[in-house]
Amino acid sequence: MPRKRSGWPSRFTHLKCSSCGRVFKPRPLNVCKCGKPLLAQYNLKGMRRDELLNRRDLWRYAPLLPVADEKNVISLGEGATPLIECRKLRRILKVGKVFVKDDGVNPTGTFKSRGMAVAVSKAKELGITRLAVPTTGSAGSAMAAYAQKAGAKAFVAFARGAPSIHVKMAKAFGAEVRQCRGFINEAAAVVQDFCAKNGYFNIATIKEPYRMEGKKTITMEIAEELGDLPDAILFPVGGGTGIVGAWKAWMELRKLGWAKKTPRLYCIQAEGCAPVFKAWGEGRADAEVWPDVRTRASGLAIPKPFADELILKAIRETDGGSVAVSDTEMRAAAKDIEKLEGISACLEGAATWAGAKLIAELGIVGPDDTVVLLNTGRRIPGT
Ligand SMILES: [Zn+2]
């Protein structure tokens, strides 16, 4: 059994490299010595369901999260979002059931709050007081909010095309903000430089191991509510923490014996920036840099996700797939979801509905399947 402190039940033990398998004790770390992402490991032996906490937020899954002591938990009420059954969408798709997991109701309006809640909490536990992140928008406002709550300093570098609402929110939460002319790679370079000069810790997507742990809880909540994992889950994929978190949740739930089904994980990308879709189609293990990013869905404007190999592994190991949809299809999908089901979806979230229609047309999902669409955020007015 893991050592217990203050009755908080985390079963987190260590970090393990996703590529070379090297293990590390918990300490401020970004990636493995080999340069690949680190994955949090847990002692799941003998774990019972009643170890889950009786809370209405993602900290219900505290045993499966890396924060060791409750006093370090920084929470704004993230997680425990609704799983909404959508009968009108089901009739269009001609599948068994359709649900929208509505993560737009999270603090700061997007699913990024899950990852940041866990990453900022764990940073506090590790004694980190200065945090920096490059972002296409929503991760910046979320990080700023949690850093503010934690009493930590925040630096956010926004990529070109980041919605102004996220820039305003980050400023309002007290972050130091830089707006870059270039895409996410330029913002990433700005953050790297800033961290080196000012002693900040970089919590860029998958360049630290704990944001993924927060995102993992999306899939755990879905499994708990449905009694098992669904047949398919569709994720809009930019940096990939959502889909990689789902893959990790599936492995842990399977190990615990709490889920029997393998959810086919689908990676939905924008036609104007589809490096993973292209790599998957070509049977590659990694993605090439997308040369010419053209999409208004800022969350999908990632020319080469750092987690490309893990995203492709998640798709292949679950027998899922990938499709790319146009901005026009995303905008139409957002209107559909609003008008048919009363759910407000951002372009990225709506991309899952556009992708679901393509997948259904291809006959990949059928009348016996339960399909879950992840809505990653609320629609920003004017988009
Ligand atoms: Zn390694």
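Helices here are DSSP runs of H or I with at least four residues, numbered from the N terminus. Keep that in mind as you click through this predicted model.

**Stop 1: helix 11**

Select residues 347-361, which make up helix 11, and pick out A354 within that helix. Is A354 buried or exposed? A354 counts as buried because its relative accessibility is 7%, and the cut-off for buried is under 20%. Now show what surrounds this alanine: setting aside neighbours within four places in sequence, A354 touches V325, E329 and A333. For a distance label, join the C-alpha atoms of A354 and D327; they are 9.9 Å apart, with the two positions 27 residues apart along the chain.

**Stop 2: helix 9 and the residue after it**

Next, select residues 308-317, which form helix 9, and colour its buried residues: D308, L310, I311, L312, A314 and I315. Which elements do these buried residues pack against? Add strand 3 (38-42), helix 7 (241-256), strand 11 (264-270), helix 8 (275-281) and strand 12 (321-325) to the view, and you have the packing partners of the buried residues of helix 9.

Then move on to D319, which follows helix 9 and sits in the loop leading to strand 12. D319 has a positive phi of about 60 degrees, although this residue is not a glycine. With a relative accessibility of 59%, D319 counts as exposed.

**Stop 3: another positive phi**

Jump to A80, in the loop between strand 3 and strand 4 (83-85). A80 is not a glycine either, yet its phi is positive, about 50 degrees. At 24% relative accessibility, A80 is classed as partly exposed.

**Stop 4: the domains**

Time to colour by domain. The assignment gives domain 1 (12-72), domain 2 (83-109 + 212-375) and domain 3 (112-202). Note that domain 2 is listed in two segments, 83-109 and 212-375. Keep domain 1 and domain 3 on screen: their C-alpha centres are 22 Å apart, and 15 residues of domain 1 contact 11 residues of domain 3.

**Stop 5: the cavity**

With those two domains still in view, switch on cavity detection. How many cavities of 30 Å³ or more does a search of the whole structure find? The search finds one, and the volume of this largest cavity is about 60 Å³. Its lining has 14 residues, and those closest to the centre are L126, I128, F201, E208 and Y210. By type, the lining divides into 11 nonpolar, no polar and three charged residues. Highlight helix 2 (residues 112-125) as well, since this helix supplies the largest share of the lining, three residues. Why does the cavity lie between domain 1 and domain 3? Both domains give residues to its lining, so the cavity is placed between them.

**Stop 6: the cysteines**

Finish by displaying the cysteine sulfurs. A disulfide here needs two cysteine sulfur atoms within 2.5 Å, and the count of disulfides comes to zero. Start with C195: its closest cysteine sulfur belongs to C180 and is 13 Å away, which is too far for a bond. C195 is buried, with a relative accessible area of 11%. C346 is in no disulfide either, as the nearest cysteine sulfur, that of C86, is 15 Å away. Like C195, which is buried, C346 is buried, with a relative accessible area of 8%.

Note on methods:
Residues are numbered from 1 along each chain as its sequence is written. This is a predicted model: local features need pLDDT of at least 70, side-chain atom pairs count only at pLDDT 80 or more; totals for chains, interfaces and linings use all residues. Side-chain values use heavy atoms; hydrogens and water are left out. On a 1 Å grid over the protein atoms alone, a cavity is a set of points where a 1.4 Å probe fits but cannot get out, and a pocket is an open set with protein on both sides within 12 Å along at least five of seven lines; lining residues have an atom within 4 Å of a point. Grid points are joined across faces, edges and corners, and a volume is the space filled by probe spheres set on the points. Helices (H or I, at least four residues) and strands (E, at least two) are DSSP runs, numbered from the N terminus. Ala, Val, Leu, Ile, Met, Phe, Trp, Tyr, Cys and Pro count as nonpolar, Asp, Glu, Lys and Arg as charged, and the others, Gly among them, as polar. Domain bounds come from an automatic or database domain assignment. Buried means under 20% relative accessible area, exposed over 50%, partly exposed in between (1.4 Å probe, protein chains only). Contact means heavy atoms within 4.5 Å.
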